[in-house]
Amino acid sequence: MPLDAPPLLPSADSDSTVSVLQAGRAAPPAAALPVGWPLLALTTWFGSGLIPFAPGTMGSIAALPFAWAIAWAWGPWALVPAAALVFVIGTLAAEAHVRRSGEKDPQRIVIDEVAGQWLTLAVAPLDPLAYGVGLVLFRICDITKPWPACWADRSVPGGFGVMLDDGIAAVYSTCMMALYVHYFM
């Protein structure tokens, strides 16, 4: 590796992790500050949002093992307070991320998908098929953004806006998941 090449992995004191991990993507606005590794790890759900193909879906998939572990240890309804906690933490982290990056709602932020996916699975049994259905239902609602999720996506700024549209979409997918469990499982 040439001496002037950027490091493949960020150092502990590196504050330019986004540019290193997302080489080849469009650079953030000139006034933006780099997003450091601890914040990036949280908002991208341990890097799943950095996967270039369908980062929202990758974030939802990355949320599944954590949901399974929470539901296995404390029951599926434990995902409701877990999702609420992730929503609050995600709002704060996403706010810091968007302020530092200068972007409104970068696709790499997927902690909102984690909260939404967990809420959807709170009504599902510990069953791989149910988790697959929950994944598909949440992704459909997150992508289509039924009202008022579409309004929140367009109108609510900052970290709360990043989280809110997925939270609203999750209410729709949770209702559909409950109907699926009731009638088909």
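A residue counts as buried when its relative accessible area is under 20%, as exposed when over 50%, and as partly exposed in between (1.4 Å probe, protein chains only). Everything below comes from a predicted model, in which local features need pLDDT of at least 70, side-chain atom pairs count only at pLDDT 80 or more, and totals for chains, interfaces and linings use all residues. Residues are numbered from 1 along each chain as its sequence is written, and side-chain values use heavy atoms, with hydrogens and water left out.

**View 1. The whole chain has eight helices and zero strands.** Helices (H or I, at least four residues) and strands (E, at least two) are DSSP runs, numbered from the N terminus. Of the 185 residues in the protein chain, 46% are buried. Contact means heavy atoms within 4.5 Å; among contacts between residues at least 6 apart in sequence, 72% join residues at least 24 apart.

**View 2. Confidence in the model varies between helices α1 and α5.** The predictor's confidence in each residue, pLDDT, runs from 0 to 100. Its mean over the protein chain is 85, and 82% of the residues reach 70 or more. Among the elements, helix α1 (residues 17-21) has the lowest mean, 40, while helix α5 (residues 111-121) has the highest, 98. Over residues 1-31 the pLDDT is below 50, and this stretch has 29 contacts in the model beyond near neighbours in sequence. Where pLDDT is low, the predicted coordinates should not be read in detail.

**View 3. Trp45 meets Phe66 in an aromatic pair.** Rings of Phe, Tyr and Trp (its six-membered ring) pair if their centres lie within 6.5 Å; planes under 30 degrees apart are stacked, over 60 edge-to-face and the rest tilted. The structure holds seven such pairs. Trp45 and Phe66 are edge-to-face, 5.1 Å centre to centre with 75° between the planes. Trp45 sits in the loop between α2 (37-43) and α3 (55-74), and Phe66 in helix α3, so the pair links parts of the chain 21 residues apart. Trp45 is buried at 7% relative accessible area, whereas Phe66 is partly exposed at 37%. Together with Phe46 and Trp118, these two residues form one aromatic cluster.

**View 4. Helix α6 packs against several neighbours.** The buried residues of α6, including Tyr131, Leu135 and Phe138, pack against α3, α4 (79-101), α5 and α8 (158-184). At the N-terminal end of α6, Asp127 acts as a cap, with a side-chain oxygen 3.1 Å from the backbone nitrogen of Leu129. Just after α6, Lys145 takes a positive phi of about 50°.

Note on methods. Polar contact = N/O pair within 3.5 Å; in protein donor to acceptor, adjacent residues only side chain to side chain.
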